Amino acid sequence: MLFVTGGRLRLSGSIGRGFALLVATVVIAAPAASAGDIVTIGDVDVAALGKSLPSNPVQAAGKPDPTLSRSQRTSLAARIKKKDPGRIWIAVVSPFDPQQTGDVSSSLADYINKPGVVIVVSGSNYHVTTSWESGTTAAERLGRAVNHPGDSLVVQMRKAIDSFAKADAARHHPGSGGGQSHTATTNDQGTVTAPSTTNGPSNQNGGSSSGGLIAALVILVLILIPATLFGTRFARRQMRASHWQREAAADSRTQAQADLVKLGEDIGALDIDSSMPKASAQAKDEYSKAIDAYQEAEQRLKSSDDAYQFAKGREALARGQEHVRAAGALFGGGSAPLQTTPTAAGDTSIADQLQRLASLHDRGDLTDEEFAEQKRQLIEG
């Protein structure tokens, strides 16, 4: 759907759940129209949702049906951070008609006001607004991700994230950015040259000075050279130490973000186990603590320049991994390490079979229900 609103061009696509519906229309709004004109639609506070999505890219608002659980939203947010950070936003809202769904999507894009993709799920209607792809192409891409009978909403959104992230990367987004440009003059041999400087005409006739002045200059040079050498060495040592500290801090921040993404994926892997009827209360409690630790770590790591907050964020990550391992063991396998004892010739271990089932589930070949049942049968023998 092609919108021209307030002089700005937006390309967006809209599809219905279970089938692809591609529409191309032109809507001319009054020049004064802006995101601030649409504050709420139905029971959804569009303004609040649009302002909070940049910091939390997967959210639910109103009374959505279907919806995403808190752990599923956390898992999808972690997937976005890994695949295409700061470029994809997903909102699951109350069921609206196609026109209202499109209004929500375009309004959220205005509030976010960043290049990327906004996906809105509203009951049986799906709408995508993109800044870098045509509305028709974006709608077709979203359609291929969600039009698989039996897929749950979380599986559909995983496929949508993967598809848009891959296409975004193929277009080399986000841009590399310029920074300052530096130029140099080169001669025929390609070496860098610099303009010569002169201090005025030289004295051709003088050339002599008193012996006392020369002696004083020599003494001064002999004093300054050792001091200069010492100062230079000290400055170099300080620069090397400072450079090492900056690199170590950058490596720590990078590792912390990777650990945060890994924790989110591990939590997402326990989604199905946590929803099974026979799951113990203790396992669910460990699972809930893992989510709380993830959210605390995510919040604290935003202040990476604050040493105290960064250290507390790393502690929260460690607690989250402990709770994930405990929950996995209590759920009966989950993320806990499984013993891969040898089996009869030609057979595969339980761990290998579980990995195969997980791969089929991630590909969309198994529904959530089929994956849970086959996993239960495999574990119970």
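Visitor: What relative accessibility does K83 have, and as what does this residue count?

Guide: A residue is buried when its relative accessible area is under 20%, exposed when it is over 50%, and partly exposed in between, using a 1.4 Å probe and protein chains only. K83, at 42% relative accessibility, counts as partly exposed. Please keep in mind that this is a predicted model, in which local features need a pLDDT (the predictor's confidence in each residue, from 0 to 100) of at least 70 and side-chain atom pairs count only at pLDDT 80 or more, whereas totals for chains, interfaces and linings use all residues. Residues are numbered from 1 along each chain as its sequence is written, and side-chain values use heavy atoms, with hydrogens and water left out.

Visitor: With which residue does K83 form a salt bridge?

Guide: Side chains of opposite charge can pair when their charged atoms come close. A salt bridge here is a side-chain nitrogen of Lys or Arg within 4 Å of a carboxyl oxygen of Asp or Glu. K83 pairs in this way with D162, their closest N and O atoms being 3.8 Å apart. Since helices (H or I, at least four residues) and strands (E, at least two) are DSSP runs numbered from the N terminus, we can place both partners: D162 lies in helix α5 (residues 153–170) and K83 in helix α2 (residues 70–83), so the pair ties together parts that are 79 residues apart in sequence. D162 is partly exposed, at 26%, and a network of salt bridges links R79, K83 and D162.

Visitor: Are R87 and D168 buried or exposed?

Guide: Both R87 and D168 are buried. They form a salt bridge whose closest N and O atoms are 2.9 Å apart. R87 lies in the loop between α2 and β7 (88–93) and D168 in helix α5, so this pair joins parts that are 81 residues apart in sequence.

Visitor: What is the nearest side chain of opposite charge to D84?

Guide: In counting charge, Lys and Arg are positive and Asp and Glu negative, while His and the chain ends are not counted. For D84, that neighbour is R87, at 4.4 Å, and D84 is buried yet has no salt bridge. D84 lies in the loop between α2 and β7. A contact means heavy atoms within 4.5 Å, and, leaving aside residues up to four places away in sequence, D84 touches F164, A165 and D168.

Visitor: How far apart are E373 and R376 in helix α11?

Guide: They are three residues apart in helix α11 (residues 368–380), which means a separation of about one helical turn. Their side chains meet in a salt bridge at 2.5 Å, N to O; E373 is partly exposed at 34%, and R376 is partly exposed at 26%. Across the whole structure, a search finds 16 salt bridges.

Visitor: Where in the chain is confidence lowest, and where is it highest?

Guide: Where pLDDT is low, the predicted coordinates should not be read in detail. Confidence is lowest in strand β3 (residues 26–28), with a mean of 29, and highest in β7, at 98. The chain's mean pLDDT is 77, with 75% of its residues reaching 70 or more. Over residues 175–209, pLDDT stays under 50, and the model has seven contacts beyond four places in sequence for them; over residues 1–12 pLDDT also stays under 50, with 41 such contacts.
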